[in-house]
Amino acid sequence: MTCGPWKPICLEVYCCRIADLFFVTKVDGSLAAAEITAQCEVEGIATEVRFEVSFEGKKVATETVEITDGLASAVLRTQKPKLWYPARYGNQPLYELKAILYPGGAGTLACDVKTKRFGLRRAEVVQRELDDATGTTFFFQINNIPVFCGGSNWIPADMSIPRIEPSKYRALLKLALAGNHSMIRVWGGGIYEEDVFYDSCDELGILVWQDFLFACGNYPANDDFLDLVKREATANVKRLRHHPCIVLWAGNNEDYQYRETENLDYDPQDQNPENWLKTNFPARYIYEKILVDVTQELVPN
């Protein structure tokens, strides 16, 4: 049963604000240096943003930039970065990126501040051709180390989501870690989890395979629904993309298996998305067009 709003709702009034704080991290192949390309989307009248990167309360990089057409960006660099590793492969040091918005320059009173906690790591999905079989490898490499990904599905921890206390999230994830889970897959039949879930995975070193929330069905593809899909995906990728624990976004849960079971149309050679909308499996447009476009735009690395 759908129950309506179940999270806090608020009305924000402002003269200027940071609408979004985003960054892309890049750790070089030698692991000896890293750069953070930070960007702010600003709404209202303001002139400057100061970006600060800190570790355990100590600033490691800072830069003040002017706002142009509602955007401010800066590249911050650090040598010998403290790298984030999955549990049992190393430690989980976490940096903080802060953006401070000034309406009339750095000498004026700040009108908004946003912070995001993040980890520096080099993450890759390795797909190499096999020597003695068809297909490719599929494994994760973090900071140049191949990682064994053993774990399980995460489904909502209670039938009534608001009853789940932050302490319960942490306790369950600690149990998973004690059971040698190195990865948790957030099941596409559940929800985009609370911030405390991803914060805890960052702290514990548990990798996250994040499904988009489509499961076991053939979803419609009318214009209104596709617009809703894009807006929901965009909002959640923006909310979660700074977490070092998230290493993969997956399009759905078992929807292609449903297609096979129901013998719905699917031609892998047809790469024209507009054609997919004309089949009896129009949901392909969601998984292979909309969600691909959203992730390529919002999490390009």
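The lining of the largest pocket comprises 24 nonpolar, ten polar and three charged residues. The structure described here is a predicted model, and this report treats its pocket, its cysteines, its aromatic pairs and one buried asparagine in turn.

**The largest pocket**

The volume of this pocket is about 810 Å³. Its lining consists of 37 residues, and those nearest the centre are Val-247, Leu-248, Trp-249, Val-299 and Asn-301. Two or more lining residues come from each of S1, strand S8 (123–126), strand S9 (139–142), strand S14 (246–250) and H6. The greatest contribution is that of H6, which supplies six residues. In general terms, empty space of this kind is revealed by rolling a probe the size of a water molecule over the atoms.

**Cysteines and the disulfide**

One disulfide is found when the whole structure is searched. It joins Cys-16 to Cys-111, with the two sulfur atoms 2.4 Å apart. The link between these cysteines is left-handed, with -135° about the S-S bond. Distant parts of the chain are connected in this way: Cys-16 belongs to strand S1 (residues 16–27), whereas Cys-111 lies in the loop between strand S6 (95–102) and strand S7 (112–118), and the two are 95 residues apart. A disulfide is a covalent bond between the sulfur atoms of two cysteines.

Why is Cys-40 not bonded to the closest cysteine sulfur? That sulfur, in Cys-111, is 11 Å from the sulfur of Cys-40, which is too far for a bond. The accessibility of four cysteines is set out below.

| Residue | Relative accessible area | Class |
|---|---|---|
| Cys-16 | 3% | buried |
| Cys-40 | 0% | buried |
| Cys-111 | 28% | partly exposed |
| Cys-216 | 43% | partly exposed |

The two ends of the disulfide thus fall into separate classes, because Cys-16 has a relative accessibility of 3% and counts as buried, while Cys-111, at 28%, is partly exposed.

**Aromatic pairs**

The structure contains 18 aromatic pairs. One of them is formed by Phe-197 and Tyr-198, whose rings are edge-to-face, 5.0 Å centre to centre and with 80° between the planes. Phe-197 is buried, at 0% relative accessibility, and Tyr-198 is likewise buried, at 0%.

A further pair consists of Phe-214 and Tyr-287; the ring centres are 5.9 Å apart and the planes stand at 70°, so this pair is also edge-to-face. Here the partners come from distant parts of the chain, 73 residues apart: Phe-214 is in the loop between strand S13 (207–211) and helix H3 (223–240), and Tyr-287 is in helix H6 (residues 284–298). Both of these residues are buried. They also belong to a cluster linked by ring pairs, together with Tyr-219, Phe-225, Tyr-256, Tyr-266 and Phe-281. Helix H6 therefore appears in two settings, since Tyr-287 is located in this helix and H6 gives the most residues to the lining of the largest pocket.

**A buried asparagine**

Asn-253 is situated in the loop between S14 and helix H4 (255–262). Is this residue buried or exposed? With a relative accessible area of 3%, Asn-253 is buried. Its side chain makes a polar contact of 2.8 Å with the side chain of Arg-185. Strand S14, which precedes this loop, is also among the elements that give two or more residues to the lining of the largest pocket.

Notes
Residues are numbered from 1 along each chain as its sequence is written. Side-chain values use heavy atoms; hydrogens and water are left out. A disulfide is a pair of cysteine sulfur atoms within 2.5 Å. Helices (H or I, at least four residues) and strands (E, at least two) are DSSP runs, numbered from the N terminus. Buried means under 20% relative accessible area, exposed over 50%, partly exposed in between (1.4 Å probe, protein chains only). Rings of Phe, Tyr and Trp (its six-membered ring) pair if their centres lie within 6.5 Å; planes under 30 degrees apart count as stacked, over 60 as edge-to-face and the rest as tilted. On a 1 Å grid over the protein atoms alone, a cavity is a set of points where a 1.4 Å probe fits but cannot get out, and a pocket is an open set with protein on both sides within 12 Å along at least five of seven lines; lining residues have an atom within 4 Å of a point. Grid points are joined across faces, edges and corners, and a volume is the space filled by probe spheres set on the points. Ala, Val, Leu, Ile, Met, Phe, Trp, Tyr, Cys and Pro count as nonpolar, Asp, Glu, Lys and Arg as charged, and the others, Gly among them, as polar. A polar contact is a pair of N or O atoms within 3.5 Å; within protein, one must be able to donate a hydrogen and the other to accept it, and residues adjacent in sequence count only if both atoms are side-chain atoms.
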